[in-house]
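Me: Could you take a close look at one part of this structure for me, the second largest pocket? I'd like to know what lines it, and then how the rest of the picture fits around it.

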Amino acid sequence: MKGWRSAKVALIWIALALAIGVPIALAAGSEQLAWRGPVYILAGFAGIVALGLVLVQPLLIGGYLPGLSAYRGRRAHHWIGGALALAVVIHVAGLWITSPPDMIDALTYTSPTPFSPFGVTAMWAIFTVALLALLRRRLRLRLRTWRIVHIPLAIVIVVASVAHCLLIEGTMETISKAALCALVLAATIKVIADLWRKRALRGSSA
């Protein structure tokens, strides 16, 4: 029984590593990289890593990753949120360096590319959550207030990030990209459903 539990824990972590690692590995083998500069490549892979971190976040806050206590899961969620914001900064900064006019169009929501507004919306939502997390104690935000603000922004981040990724025809391989996006959506729906169920149970027992 103990051996089965250990194997189950290992399988979950391996599955997570594959879900994030395979799209990155396949993107690294893309023929399109031959025509891209190093800054553009760095920016692109920062975006892929960011999407992988978006998958990890609901898994952590929902307690779905074995071997982590509730406290460690929350701390990891906090630090990975910071890493996500950093990855987005690298992604945007790299694209700005390689093509400032395109980034100006994207940031002002005037870009003709359909994926740009979703990416910019996700970016602002990520930065807003990161800033509020840093200022939460100073602002004295209660847990209930924090959730009221954080959950809708998290939904915006997930939906906009997935739409942004799916609409881009770039270095990411199609099937692995779609699978990663599907996992991001599934994990988010799962954690929101569980939080809603717990709240309903507390309300009925009150």
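Reply: Sure, let's start with the space itself: the second largest pocket holds about 1100 Å³. Its lining is made up of 42 residues, and those closest to the centre are H91, L95, F115, H164 and I168. Keep in mind that this is a predicted model, so every value here is computed from predicted coordinates.

As for who builds the wall, α2, α3, α4 (100-107), α5 and α6 each give two or more residues to the lining of this pocket. Helix α2 has the largest share, with nine residues. By residue class, the lining of the second largest pocket splits into 23 nonpolar, 14 polar and five charged.

Now for the other big player, the largest pocket, which comes in at about 1500 Å³. Here 45 residues do the lining, and I61, R74, H77, W146 and H150 sit closest to the centre. At least two lining residues apiece come from α2 (38-61), α3 (70-98), α5 (116-139), α6 (143-167) and α7 (174-205). In this pocket it's α3 that gives the most, eleven residues. Sorted by class, the lining of the largest pocket has 25 nonpolar residues, eleven polar ones and nine charged ones.

A couple of those helices also carry side-chain contacts that you may want to click on. Start with aromatics: the count comes to one aromatic pair. That pair is W124 and F127, with ring centres 6.1 Å apart and planes at 80 degrees; since anything over 60 counts as edge-to-face, that's what this pair is. Both residues belong to helix α5, and because they are three residues apart there, about one helical turn separates W124 from F127.

Next, charges. Side chains of opposite charge can pair when their charged atoms come close. A search of the whole structure turns up two salt bridges. One of them joins the side chains of K190 and D194, at 3.5 Å from N to O. These two are four residues apart in helix α7, so K190 and D194 are also separated by about one helical turn.

Last stop, the outside. A nonpolar patch on the surface is formed by L11, I14, L18, V22 and L26, which together have about 440 Å² of accessible area. If you want to find the patch quickly, look for L18 in helix α1, which runs over residues 2-28.

So, back to your pocket: for a first view, I'd centre on H91, L95, F115, H164 and I168, then colour α2, the source of nine lining residues.

Note on methods:
Residues are numbered from 1 along each chain as its sequence is written. This is a predicted model: local features need pLDDT of at least 70, side-chain atom pairs count only at pLDDT 80 or more; totals for chains, interfaces and linings use all residues. Side-chain values use heavy atoms; hydrogens and water are left out. Patches are made of residues with over 30% relative accessible area and no salt bridge: like charges are joined within 9 Å, nonpolar side chains (Val, Leu, Ile, Met, Phe, Trp, Tyr) within 5 Å. Accessible areas come from the Shrake-Rupley method with a 1.4 Å probe; for residues, only the protein chains shown count as cover. A salt bridge is a side-chain nitrogen of Lys or Arg within 4 Å of a carboxyl oxygen of Asp or Glu. On a 1 Å grid over the protein atoms alone, a cavity is a set of points where a 1.4 Å probe fits but cannot get out, and a pocket is an open set with protein on both sides within 12 Å along at least five of seven lines; lining residues have an atom within 4 Å of a point. Grid points are joined across faces, edges and corners, and a volume is the space filled by probe spheres set on the points. Ala, Val, Leu, Ile, Met, Phe, Trp, Tyr, Cys and Pro count as nonpolar, Asp, Glu, Lys and Arg as charged, and the others, Gly among them, as polar. Rings of Phe, Tyr and Trp (its six-membered ring) pair if their centres lie within 6.5 Å; planes under 30 degrees apart count as stacked, over 60 as edge-to-face and the rest as tilted.
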